[in-house]
Amino acid sequence: MHELALADGVREIVEDTARRHGAQRVSAVQLEIGMLSHVEPEALRFCFDAVMRGSLAESASLAIERTPGEAWCMPCGKAVALARVGDACPCCGSHQLAVTRGDAMRVVDIEIH
Ligand SMILES: [Zn+2]
């Protein structure tokens, strides 16, 4: 389950940020997870609660925002929307696609006190 490693990475970012600001507590974390990333939001949520135990962000709320997928289609010569990894171009059916958006996970916002 690679969500555990990802959640641990999030904890590091959150704790680093909180320390740099001299915060006592982190009350909320907002994440962005692309529709084309291989991250399962519910699994990540579960791991998030587990790795935050005992940290500054213990019992912090987690908000997850999904970013839509987008890819550049070679035959069409334009950007097209992509719902899932492995999908074909919705315009021409080609698989000659280069994902340009929605394949990453990042920390968007952290609420500290
Ligand atoms: Zn196409």
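**From a buried cysteine to two sheets**

C73 is buried, because its relative accessible area is 0%. This value, like the others below, comes from a predicted model. C73 serves here as the starting point, since several features of the structure meet at this residue.

One of these features is a metal site. The zinc ion has four protein donors, the SG atoms of C73, C76, C89 and C92, at distances of 2.2 to 2.3 Å. Along the chain the donor residues follow the spacing C-x2-C-x12-C-x2-C. The angles that the four donor atoms subtend around the zinc ion run from 105 to 115 degrees, and therefore the arrangement is tetrahedral. For comparison, the ideal angle for four tetrahedral donors is 109.5 degrees. Another donor residue, C76, has a relative accessibility of 29% and so counts as partly exposed, whereas C73 is buried.

C73 also belongs to strand 3, which covers residues 69-73. What lies on the two faces of this strand? On the covered face are G69, A71 and C73, and on the uncovered face are E70 and W72. The background to this pattern is general: side chains in a regular strand alternate between the two faces of the sheet.

Strand 3 is part of an open sheet of three strands, ordered 4-3-5 and paired antiparallel. Strand 4 (78-82) and strand 5 are the edge strands, each pairing on one side only. From one strand to the next, the twist averages 40 degrees.

The two pairings of strand 3 can be followed residue by residue. Towards strand 4, strand 3 runs antiparallel and is joined by five bridges. W72 of the uncovered face has A79 in strand 4 as its bridge partner. Four residues lie between the strands in the hairpin of strand 3 and strand 4, and G77 in this hairpin takes a positive phi near 70 degrees.

Towards strand 5, strand 3 is again antiparallel, and four bridges join the two. C73 has L97 in strand 5 as its bridge partner, and E70 is bridged to R101 in strand 5.

R101 is worth following a little further. This residue is found in strand 5, which spans residues 97-101. How accessible is R101? Its relative accessibility is 39%, which means that R101 counts as partly exposed. When neighbours within four places in sequence are left aside, R101 is in contact with L36, P68, G69 and E70. The C-alpha atoms of R101 and V85 are 12 Å apart, with the two residues 16 places from each other along the chain.

The next topic is the other sheet. Which strands make up the open sheet with mixed pairing? Three strands form it, in the order 2-1-6. Strand 2 and strand 6 (105-112) each have a single partner strand and stand at the edges, so one side of each has no neighbour in the sheet. Averaged without regard to direction, neighbouring strands of this sheet are turned by 20 degrees against each other.

Within this sheet, strand 1 (residues 26-34) pairs with strand 2 (residues 61-67) in the parallel sense, over seven bridges. Between these two strands the chain passes through helix 2 (residues 41-52), forming a β-α-β crossover that is right-handed. Individual bridges in this pairing include V29 with L62 in strand 2 and Q30 with A63 in strand 2.

Two helices accompany the sheet. Helix 2 lies across strand 1, strand 2 and strand 6, and runs at about 155 degrees to strand 2. Helix 1 takes up residues 3-20. What does V29's sheet offer to helix 1? V29 has its bridge partner L62 in strand 2, and helix 1 packs on the sheet by touching strand 1 and strand 6, its direction making about 40 degrees with that of strand 6.R11 lies in helix 1. Is this residue buried or exposed? With a relative accessibility of 18%, R11 counts as buried, because the cut-off for that class is under 20%. Apart from its neighbours within four places in sequence, R11 is in contact with V51, M52 and S55. Helix 2 spans residues 41-52, and V51 and M52 are among the contacts of R11.

Notes
Residues are numbered from 1 along each chain as its sequence is written. This is a predicted model: local features need pLDDT of at least 70, side-chain atom pairs count only at pLDDT 80 or more; totals for chains, interfaces and linings use all residues. Side-chain values use heavy atoms; hydrogens and water are left out. Buried means under 20% relative accessible area, exposed over 50%, partly exposed in between (1.4 Å probe, protein chains only). Contact means heavy atoms within 4.5 Å. Donors are N, O and S atoms within 2.8 Å of the metal (3.2 Å for Na, K and Ca); water is not among the atoms, so sites may look incomplete. Four donors count as tetrahedral if all angles lie between 85 and 135 degrees; four count as square planar and six as octahedral if opposite donors are over 155 degrees apart and all others between 65 and 115; anything else is irregular. Two strands pair if DSSP finds at least two bridges between them. A crossover is right-handed if, with the strands pointing away from the viewer, the path from the first strand over the helix to the second runs clockwise. Axes are lines fitted to C-alpha atoms, for helices over the stretch in contact, and angles run from 0 to 180 degrees between N-to-C directions.
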